[in-house]
Amino acid sequence: MTSRIIFNQEMGQLNLEVSQMASLAREAVEKAVKCIVNKDPLLKAEVERLDREIYHLEQIIEKRCLDLIALHTPVAGDLRTVSTCLKIITDLNRIGRYASDIVEVYDVVTSDNGFRRPVNIPHMATLVVAMVTDAIDSFIRRDDQAARQLFERDDEVDCLYDLNFRATLTYMIEDPRKITVGTHIILIARYLERIADHSCNIGERVV
């Protein structure tokens with residue numbers, strides 16, 4: 001096989017691995033929120049396992065990218081694609097890390113059955129998971145229009161975060177005994193908001 005055929009095969013494998021990493025990140029976020037909302041401790045270990053898988057895959061993809069640069073010296077569009085993948089996997093790793101951060105507060109958040117948890121946390125999670133999916137799809141398809149739409153959806157996530165913050169803060173003021181749980185609820189919303197930001201980061205690399 002010619003070097004170009006080998007390079008194209010490697011690039012195809014690279015796209016596949018980035019998609020696999022994104023799928024793991026999506027799954028981690030979905031299960032992290034379900035862990036909290038449904039009070040399912042078994043999902044905590046599952047999210048932690050996914051976080052480790054995401055990190056391991058990041059190492060594999062990073063090595064593939066560096067090997068592509070060293071062995072094939074790509075130029076122009078090919079080089080940009082490889083360098084973009086290196087940046088995207090950093091965002092995906094952070095998304096997995098935030099999912100793990102969410103389940104780390106499981107014991108505190110689920111300890112108080114009397115806390116009125118804002119219902120927009122699951123809605124935020126649905127939005128950000130869709131954003132991660134569409135961000136990666138826009139990269140694979142090189143769809144800059146779809147990438148630009150991510151920024152509009154990020155505004156909606158920001159609004160939900162603000163609503164969650166105000167509602168939770170009000171409840172904490174009404175009952176100071178709820179401050180610890182309320183603080184962690186706000187943290188969960190903040191982590192979801194940051195996941196949306198990382199999705200936008202991926203979109204920026206497409207535009």
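**Figure 1. The loop between α1 and α2, with K39.** In this predicted model, K39 lies in the loop that joins α1 to α2. The phi angle of K39 is near 55°, which is a positive value in a residue other than glycine. Most residues other than glycine have a negative phi. K39 counts as partly exposed, because its relative accessibility is 33% and the class of partly exposed residues lies between 20% and 50%. Beside this loop, at the start of α2, a side-chain oxygen of D40 reaches to within 3.0 Å of the backbone nitrogen of L42.

**Figure 2. Helix α2 along its length.** Helix α2 covers residues 41-72, and its 32 residues should span 46 Å at 1.5 Å a residue. The C-alpha atoms at its two ends are 47 Å apart, so the span in the model agrees with the expected one. The residues of α2 that are buried are L43, V47, L50, D51, I54, L57, E58, I61, R64, C65 and L68, and the list therefore includes the charged residues D51, E58 and R64. These buried residues of α2 pack against two other helices, namely α1 (3-37) and α3.

**Figure 3. The loop between α2 and α3, and the beginning of α3.** T73 is found in the loop between α2 and α3, just after α2, and takes a positive phi of about 40°. At 56% relative accessibility T73 counts as exposed, because the cut-off for this class is over 50%. The C-alpha atoms of T73 and L43 are separated by 43 Å, and the two residues are 30 residues apart along the chain. A76, in contrast to T73, is found in helix α3, and A76 also has a positive phi, of about 50°, although it is not a glycine. With a relative accessibility of 64%, A76 counts as exposed.

**Figure 4. The packing of α3 against α7.** Two packed helices are described by the angle between their axes and the distance between the axes. For helix α3 (residues 76-104) and helix α7 (residues 179-206) the angle is about 170°, and the axes are 9 Å apart. Because angles over 145 degrees count as roughly antiparallel, α3 is roughly antiparallel to α7. Which residues of α3 and α7 meet? On the side of α3 they are R80, T84, K87, I88, D91, L92, R94, I95, Y98, D101 and I102, and on the side of α7 they are I188, Y191, L192, R194, I195, H198, S199, N201, I202, R205 and V206. Sorted by type, the residues of this contact of α3 with α7 comprise eleven nonpolar, four polar and seven charged ones.

**Figure 5. Helix α6 and its buried residues.** Helix α6 (residues 144-174) has 31 residues and reaches 46 Å from its first C-alpha to its last, which is close to the 45 Å expected at 1.5 Å a residue. At the N-terminal end of α6, D143 acts as a cap, with a side-chain oxygen that lies 3.2 Å from the backbone nitrogen of Q145. Buried in α6 are A146, A147, L150, D154, V157, L160, Y161, N164, T168, Y171 and M172, and the buried residues of this helix pack against α5 (120-141) and α7. The angle at which α6 and α7 pack is about 170°, with their axes 9 Å apart, and α6 is therefore roughly antiparallel to α7. The residues in the contact of α6 with α7 divide into 15 nonpolar, six polar and seven charged.

**Figure 6. The surroundings of L160.** L160 has its place in helix α6. Is L160 buried or exposed? L160 is buried, because its relative accessible area is 11% and the cut-off for buried residues is under 20%. Leaving aside residues up to four places away in sequence, L160 touches N120, H123, M124 and L127. The C-alpha atoms of L160 and C65, by contrast, are separated by 37 Å, and these two residues are 95 residues apart along the chain.

**Figure 7. The whole chain, for orientation.** The protein chain has seven helices and zero strands, and its C-alpha trace spans about 70 × 35 × 20 Å along its principal axes. Of the 207 residues in the protein chain, 46% are buried. Among the contacts with a separation of 6 or more, 84% are made by residues 24 or more positions apart.

Key: Residues numbered from 1 in each chain as written. Predicted model: local features only at pLDDT ≥ 70, side-chain atom pairs only at ≥ 80, totals over all residues. Heavy atoms only, no water. Axes fitted to C-alpha atoms, helices over the stretch in contact; angles between N-to-C directions. Helix = DSSP H or I, 4+ residues; strand = E, 2+ residues; numbered from the N terminus. Parallel < 35°, antiparallel > 145°, perpendicular 65-115°, else oblique. Contact = heavy atoms within 4.5 Å. Expected span 1.5 Å × (residues − 1). Buried < 20%, exposed > 50% of the residue type's maximum accessible area, 1.4 Å probe, protein only. Polar contact = N/O pair within 3.5 Å; in protein donor to acceptor, adjacent residues only side chain to side chain.
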